[in-house]
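Welcome, and please open the model in your viewer. Keep the selection tool at hand, and we will go from stop to stop together.

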Amino acid sequence: MARRFLTAEDVRRLGGPRIQLDGETVVTPQAAEAAASAGIEIVGPAGAYAPPVPDRGPDAARAARTLPHLPEPSSTDGIGLVVTVVGRNRPGVLAEVTAALGAAECDVRDISQRTVGAYFHMVLTCAVPPGRDFSALKDTLQCLGGESDYVVRVMHEKVFRFMHRV
Amino acid sequence: MPFTDSEILETVRMFELETFDIRTTTLGISLLDCADPDLESAAEKVYTKIVHHGRNLVEVAGGIEADLGVPIINKRVSTTPIALVAAASASEDLVPFARAMDAAAAEIGIDYIGGYTAYVHKGFTRADEALLNSIPEALAETSRVCSSVSLATTKAGINMDATAKFAQVVLDTAKLTADEGGLGCAKLVCFSNPVEDNPFIAGAHIGIGEPETVLNVGVSGPGVVRSALARLDPEADLLAVAETIKRTAFKITRMGELVGREAARRLGTVFGIVDVSLAPTPAVGDSVADILELIGVERTGAPGTTAALALLTDAVKKGGAMASSSVGGLSGAFIPVSEDQGMIDAVAAGALSLAKLEAMTTVCSVGLDMIAVPGDTSPSTLTGLLADELAIGMVNQKTTAVRAIPVPGKGPGETHDWGGLLGTAIVQDPGAFGCEALWRRGGRIPAPLQSYRN
């Protein structure tokens, strides 16, 4: 009989040296404990029980088909991330940021910088090579600068695309 | 087309300086298949299902945060109303369900879980009654579980017996959590016309028309709207104010749409709704009251406040509606008094009374939210206060809610600090006159004429 859950009560009722489950059944922690203490083996379709992949329901499959077809704001041609840098101006800031981008094989597509008195702000848009781990690159960039020096913020271009383009 | 500097800096400013964030990603999980005649087995299933589906919620939200660079503050779970799940077990004591939910929330690393809920706007099942009876103990014993009760709808009218019972539940919960200033009541809310896809705590739960699992997103951003209005010419007329709010709400909602799609994709579930609500926090500048004051009232609560709030709520909805095809939940402006520094200041200055707050709820998205009342408020007075708010929702075919906290040992004008996001409250004065005769009558206030639409 297909069942969604195997509870401790089920284990007590079914008993036996082993309980055979189908691929959908989720074993509660109490059932696993009850089975272990009674020496009952819980078996899935492919050997020892392993929790199944969560079944998100019939709508989830439809949603997986629908989501990619939802219109998105048009792409900005290979731009992967937007880096903004704000802080106290000194020689070498641009070099430090672009060196980090270069090391990650990012192609700087656009760059602008303004200085106001002793301070500056800089905006870079970069193309990130496919497959590059975004969050590692983001961490590297955000660790640049320091207290009373400059601050780097890295955001995915999608954020800007969704906010400013329809 | 690449972005201009001003576009980029506008977005960065929103996140860096204007406290913009995705307030919540809430995974709705249906628990209907957890019903079991055996109470213990049912609670076991509830725990197991929540953990099974919610296990990677925090990780997925964290991943999106890292990949997009957008802060996601809360990760939460909403469930099927527990009264429906518990009905099969015929138990009088439903606290084991609350314990199971609490333990599951702890296991998956979230701070709140909503769904200890019953719908009793027309009447009680045995399980509904058991759930209401168990709310005080459930909320006192657990720290993450939130409870909500539907007491009225436009279609059904107001169940005054249930309202009176709920008032007693609120008072009992306050008593059981007296050493924390009645904090249990911050996790307890009643509704007129509840929405079934609300991602925001304390009212979060998923209704019976919802899918097996669903990902709902709540965006916030009073700080962004406030800053946009601060930049607007003070002489600009109200059409310009509405347009500014609308454009800002559009941008805010787009982030919700982006995060919602991404989170649903990564979790492998359905993207439900974006709740476009201006949800304030005690942080400076993250205040709905500040927005009302920028629109032009001297202090929130002054004449003109309800009109300004009507403009704000409507403009937020319009901006949101253009930004997402999935706007849902409460979507409007929240006015949780203790959580909004501007509101607290307005109460302290004597500008904002309970009566004015009630008037404001006729045009905002929720109701009397995080209202501190005296600890010795009588059950009849509290029932009257709830019923007034429910009536506003019922007649206007909108959602209204009450989250009232009778602060034990405190009287009108006294202050209580719950700390953190819940903020500071000044105890409101419900007035010297009661409604005991109305309370004693009980029964049901019938559905209004405008509900007969078939």
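**First stop: a strand pair in chain A**

Select A:Asp107 and look across to β8(A), where its bridge partner is A:Ala127. Bear in mind as you look that this is a predicted model. Now widen the selection to β7(A) and to β8(A), residues 119-127: the two run antiparallel and are joined over 9 bridges.

**Second stop: the whole sheet**

Which strands of chain A belong to the open sheet, and in what order? Colour them as β7-β8-β6-β9 and you have the 4 strands, paired in the antiparallel sense. At the edges sit β7 (107-116) and β9 (150-156) of chain A, each with pairing on one side only. Leaving direction aside, neighbouring strands in this sheet are turned against each other by 15° on average.

Next, add helix α5 of chain A, residues 134-142, which packs on the sheet. Its contacts there are with β6 (81-88) and β9 of chain A. View α5(A) alongside β9(A), and you should find their directions about 165° apart.

**Third stop: all of chain A**

Zoom out and show chain A as a cartoon; there are 6 helices and 9 strands to find. The radius of gyration is 27 Å, well over the 15 Å that the globule rule gives for 166 residues, so chain A is more spread out than a compact globule. Turn the C-alpha trace along its principal axes and it spans about 80 × 40 × 25 Å.

Now colour by domain: the assignment gives domain 1 as 1-52 and domain 2 as 81-164. How many Å separate the centres of the two domains of chain A? Taken over C-alpha atoms, the separation is 53 Å.

Try colouring chain A by burial as well: buried residues make up 33% of its 166 residues. Among its contacts with a separation of 6 or more, 53% link residues 24 or more positions apart.

**Last stop: a helix in chain B**

Move to chain B and select helix α12, residues 341-348. Why can this helix be called largely enclosed by the rest of the structure? Because 6 of its 8 residues are buried. Show their side chains: B:Gln341, B:Gly342, B:Met343, B:Ile344, B:Ala346 and B:Val347. To see what these buried residues pack against, add α10 (288-295) and β13 (423-426) of chain B. Finally, step past the end of α12(B) to B:Gly350, where phi is positive, near 80°.

Technical notes. Residues numbered from 1 in each chain as written. Chains lettered and ligands numbered in written order. Predicted model: local features only at pLDDT ≥ 70, side-chain atom pairs only at ≥ 80, totals over all residues. Domains from an automatic or database assignment. Buried ≥ 20, exposed ≤ 12 C-beta atoms within 10 Å, placed from the backbone. Contact = placed C-beta atoms within 7 Å. Pairing = 2+ DSSP bridges. Axes fitted to C-alpha atoms, helices over the stretch in contact; angles between N-to-C directions. Rg over C-alpha atoms; globule rule 2.2 N^0.38 Å.
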